[in-house]
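Reader: I am new to this structure and would be grateful for a close look at one part of it. Please then set that part in the context of the remainder.

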Amino acid sequence: MVEHGDIRVVHRGGIARYCRFLCERGIFCCCRFLLCGSGYEVKVFSTSTEECIHDLRAHTDLVTGVLLRPSNHLQAYSCSTDGTVRLWDYTDGILIKTYVIGYPIYSIYTSANHSGVLFVVTPTSDKRSEFQLVAVHLPQSGDQLVEAREFSAVLSDVSSNPAATSFGRGGEYIASAKGLQLEVYFFKKQKPYRFFLKEDNKKGGKNTFTCLACHPKDDCIATGHEDGKIRLWRNFNHKKEYTYTTLHWHHSAVSSLCFTPEGTNLLSGGIESVLVQWRYNQESQRDFLPRLGAAITHIAVSPDGALFCTSHSDNKITIIRSSIQVSAVIQGLVKGDSVRTDLMVDPRSKALVLNGKPGHLQFYSLQRDKLLYNLDIVQQEYIHQSGLEQFEVVKAAFDAYGNWLATVEERKQKPTELELNLKLWAFDEQTQSFMLNTTISAPHEARITAMCFCHSTDSQTTVLVSVSKDGHFKAWQLAPATHTEDEGPSWSCDFVGAYHSLVPECCCFSADGSLLAVSFQEVVTVWSPASWELLTTLSQPPGAIRNLCFGQLTCSKYLLGTTDKNLLCCWNLLTCSLEWSTSMDVSLLLSDPFSENMAAFCCQAGCTDLFVFKPSEPRPLFSHKAVCLGKVTRAVFAPREKMLESCEETSQWLNHSQLYFVTQYMDLLTFTTKAEEDRLMASSKQLVISDSVAMTPFSVLLGKRSQQEGQEAASSLLAERTQLPQGSAAVRELLQTPAHVLPSTSFLCSMFVESLLISVTDNRKKGRTIYNYFIVAQQHFMSKIE
Amino acid sequence: MASFKPTKIPIYPKLGEKVTQDTVYWKNYKAPVQIKEFGAVTNIHFSPVAPHNYAVTAFTRIHIYGPFSQEPVKSFTRFKDTAYCGRYRSDGQLLVAGCEDSVVRLFDVSGKVALRMFKGHTKAVHVTDFTSERYHIFTGSDDYTCRLWDIPNATELNTYQEHTDYIRCGVTSKLNRDLFITGSYDHTLKLFDARVDKSVITMDHGQPVESVLLYPSEGLVVSAGGRYVKVWDLLKGGQPLVSLKNHHKTVTSLCLSSNGQRLLSASLDRHVKVYNTTNFRVVHNFDYAASVLSLALAPDDESIIVGMTNGVLSIKHRKSPEESKEVSHQQRRRPSYRVFVKGKNYMPKQDDYLVSKPVREYLTKYDKHLKKFNISKALDSALQGPSKRKPEVTVAVIKELDRRGTLKNALAGRDEKALSELLHFITKNMVDFRFAPVLVPAANMILDIYRSVIGQSPVVDRQLLYLQDLLQKEINYQQELLDVLGMLDTLFASSVPRKELLCSSSSRTNGLAQGETASTARPELQAT
């Protein structure tokens, strides 16, 4: 986060926030709340509404573990690599205590038997790659910030994976697995037992441990292995006479195991994205929940066993009822390995569009910071198996009004065999989603490197241009319906262009759609889409063109290009000559469609700088050094809902639109101004207050009543706050009157109950009756004193 | 939890010509009946009255055929030399024909001997026709003249000597008793009026005119000559309307469909083309074995009769409605009405709470197997059962298995019967270019898997040999096609010699542009 005047870079959309989400363990606090670590904070979700209720923010580094306090189920510990363990009241979102450990903590365990002791996994002080399990005695102190000093090592050389260590029955022992070794430490005997597996069994399956879980009521440890096997270990308090049984259903590594609280079922999951429920002692009976969407990384069970939750590798948490039915899905911005499609903004919904689930495009609302929906592009059953080549959406483009969406999917099995499909989707007003209109298989012979729609707003027909490595660019046009009556209009190839058998790289339409620029290595060719004539060629050797961009609005006569020999050129298309050029290593160039501004990202020494400028003047409007670490891979200007009225020169370019960009580490970032941020904070606070009221029958009754009252007394200033039950006038008066002037409780009871009833009388009359009651009560009281 | 997505069966574009209303209409004819005549069939004319017999002029005879007979009902053989242009009168009672010996003969259709002989032409008469008031005959001859004759007296009424070459075609107006049009080898069409002594309109076709046709409205006239078919507007004084060049040899005959919406032209290039008369596009095409000389359509397009140079008369009858229906295969029996509407006609009462029934998703058999990862069974069910007739379904399943990386497992472990079934499918569909990219790797895999057991089963061995044979043939085809492509490329390259010049000029301008930009760039660079 870099300060710059009052403009700053902020993480948005939660790729950054959510991407670590999945490596954390989501835990249930009770049936109502779900806690999970996500980036630098812990999130509290409601299991019924899927809403995030609190962000517990205090850690200064990644949160690595969240755990309920065994002695008080309304409090939770969280640990982080910043070397602290924090105790939270998660229902109210309050930080209670901070224990400073001093070492980065990778996971945290505790048991009801060991009160006042936390077990944490920290790196051994000498070697960073080796980890040890340490018992930390929490000092009894009233202070907020406490430093823990009493450490005692329990196990050395443990795995840093939180799933590889677990407490056994009632906290009698702790089991930990690493590599091919299972270690069980009995607290009573103060002695560890170690069990080893051979590296490979006969069939070549890998025996490496991946995770383990201990049975809560029985002496049994379930371990998951790399080859998909689950072993149930028993009798492990003897060195020699231990036994294990093997269960095998998963075809690849088991990533998480979990017993239900009563120990009747064992849950397991892995890359297959199938949740398997094994009956304990009847392991042949299994239940499956298939097609959960992405690889399961962690499984958790609520303390009462009514709900399960699985976190997935695509930034998702699924909440499952114990009857193996999905009840809710909490989905962040779907995280992939890379954004292969460009970042786009859907002109209709103003949602950010990019790669989502495999074979899907996700529509992510930037205003609400919420995933709207996933559009299935490939329309094939996704096989969850590592090492399998699948269809991927590699390019996508919207036309000016959002009526058409073009997508390219490709699958590369062998270098020679490339399967390409170009699909065109029409927006259907009735279903409010995109419907497949045309599928063109093998539109080009080689990979498509760029694709764009003609963005002119007045032309009747839309043109799509795709540029491929096979040396051609093709123009696609919506052909009218063929004379057979069964089909509607479909897309077909209109023109195939090439230039001196050079390989084209990028293409761009001018703002009015009258010109098409296609770059062929060092040469930019300018074509007229009306007649498909080559109008002119521009070039600025040396160096092949990397980006190509037309100016917008008043600067539409300029064409900007960047070369891979560190040159940013601006051509004037009226004179067909170079207007200006400057030496910059621009990695990404894009134009704001709502203003004349252009943004250029320059990558220098592992950092990226941003320059915002107008093509008409080569002086930057705004520049920002070291926006983020690493390269910026994609960026987009998204329109604002409300225009900002900033008149400062440096922030003026943010008035019409907002710049979003993705770094190579898959962080989605944006620029905000200070004023905007303050407004956002205020609104989020209000949301929390109104959400925190639990929906009980009582609150429904009171809410209804108070709502009515609120309507009646619309002019009163308190109208906004009457949502709460205290808002009732009678109750308020009851509470505000000093105790010694109150009548007897039996007398007040009927009044109180009456105040809960939905009133049919008008306000004034009721006010008077209450007043009368008080007079009577006072007189009664006075007489008593006398 | 998302539901299972069934295998996507790609819809392949239909090969060949698009199915339109026209193709459906013009394809709805039975296989042709072929009748061998004595010589080239020069003219076919339908009787205007039921039962619509037609007169076929071939060599020295005129045969009259009934609508469904394959033997002539009647023949006129009293010609000294080749007969031409046997035409019926509008009442179907009389027939006129010209002859190489310059005599025009008039026959009663029930008699045998000529009723009248009109002598006066000096050379062969190729054109004869009745005028619309039925008592006159118009003829055109190789002596460059056309004449009008009176039937009762057998006398010549008028002679027009305006053409300067053979008159080979002509037609009289059906609405006006005095008008007739002739087409001649002097490249002109002339409209004559019997009330005046000369032609009224002359139209230049540009080629020797072979055939003339008047629209039923008689506002338009169509002429054929050389490779062109031209349409003229008589009401605008013979203004050319359209010129069609769709044949690559001389067009010999013209004909209109019964509703006047389609125009048919026959040519020496052995094709008959059907045009839409509103936009004059070719909507259908018939191929014949030999050059076509004459063409006629029965009333209501009941049959298409074509006469060819080799003396074969080809008759295509329209399929009767029952026959055409037979093509669309039989519909499956639906459940009875009572079962079908059971419970569906129940009207919910006011307080009823409607419980919506979950829509059950039906999966095909192979999808059910694919869902359970039973890959071999999935392939089996795609090869058998209802999808047997649709190779695209089987190919889609093979593709899906390939995508899952389990095709090899699905193909392996088959016995003789299952393997031969698989090989049968592959040999049947492998050369189809739509399926080849999927089936060739599959065939490769089969050969890899079953290499060790080749020679153990005669059935499989035979199929493998057949496959080898098939592949060799296909390779040869491809080779030939590439040869042809190479030849075409040289032809095209030689026909566009200017292309090279254009390229170099564009590159030169490119160089110029580069120079300019470079020169302008310098000061700007310093400025920035």
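Author: Helices (H or I, at least four residues) and strands (E, at least two) are DSSP runs, numbered from the N terminus. This is a predicted model, in which local features need a pLDDT (the predictor's confidence in each residue, from 0 to 100) of at least 70, side-chain atom pairs count only at pLDDT 80 or more, and totals for chains, interfaces and linings use all residues. Residues are numbered from 1 along each chain as its sequence is written, chains are lettered from A and ligands numbered from 1 in the order in which they are written, and side-chain values use heavy atoms, with hydrogens and water left out.

The close look may start at A:Gln521, which is found in the loop of chain A between strand S45 (516-520) and strand S46. Although A:Gln521 is not a glycine, its phi is positive, at about 50 degrees. Its relative accessibility of 35% makes A:Gln521 partly exposed; the term covers the range between buried, under 20% relative accessible area, and exposed, over 50% (1.4 Å probe, protein chains only).

Aromatic residues come next. Ring pairs link A:Phe520 into a cluster with A:Phe473, A:Phe495, A:Tyr499, A:Trp527 and A:Trp532. Rings of Phe, Tyr and Trp (its six-membered ring) pair if their centres lie within 6.5 Å; planes under 30 degrees apart count as stacked, over 60 as edge-to-face and the rest as tilted. By this rule there are 52 aromatic pairs over all chains. In one of them, the ring centres of A:Phe473 and A:Trp532 are 6.5 Å apart and the planes meet at 55 degrees, so the pair is tilted. A:Phe473 belongs to strand S42 (residues 473-479) of chain A, while A:Trp532 is in the loop between strand S46 (523-528) and strand S47 (533-539), so this pair ties together parts 59 residues apart in sequence. A:Phe473 is buried, its relative accessible area being 0%, and A:Trp532 is buried as well, at 11%.

Chain B offers another tilted aromatic pair, B:Phe76 with B:Phe107, at 4.7 Å centre to centre and 35 degrees between the planes. Because B:Phe76 lies in strand S5 (residues 72-76) and B:Phe107 in strand S8 (residues 104-108) of chain B, the pair ties together parts 31 residues apart in sequence. Both of these phenylalanines, B:Phe76 and B:Phe107, are buried.

Further along chain A is strand S49 (residues 558-563), where 6 of the 6 residues are buried, so the strand is largely enclosed by the rest of the structure. On one side of S49(A) are A:Tyr558, A:Leu560 and A:Thr562, on the other A:Leu559, A:Gly561 and A:Thr563, and both faces are covered. Two strands pair if DSSP finds at least two bridges between them. S49(A) runs antiparallel to strand S48 (residues 545-550) of chain A, to which 5 bridges join it; among the residues involved, A:Phe550 has A:Leu559 as its bridge partner. S49(A) is also antiparallel to strand S50 (residues 567-572), with 6 bridges, and here the bridge partner of A:Thr562 is A:Leu568. With 3 residues between them, S49(A) and S50(A) form a hairpin, and A:Asn566 in its turn has a positive phi of about 60 degrees.

A positive phi in a residue other than glycine also appears at A:Gln190, where the value is near 55 degrees. A:Gln190 occupies the loop between strand S18 (181-186) and strand S19 (191-196) of chain A, and it is exposed, with a relative accessible area of 55%.

Chain B supplies the wider context. It contains 11 helices and 28 strands, and 45% of its 528 residues are buried. A cis peptide bond, with omega about 10 degrees, joins B:Ala50 and B:Pro51; B:Pro51 is in the loop between strand S2 (41-46) and strand S3 (54-58) of chain B.

Finally, the confidence of the model: ipTM is 0.76 and pTM is 0.68. The pLDDT of chain B averages 85, and 90% of the residues score at least 70. Residues 499-528 of chain B have a pLDDT below 50, and this stretch makes 22 contacts in the model beyond near neighbours in sequence, where a contact means heavy atoms within 4.5 Å.
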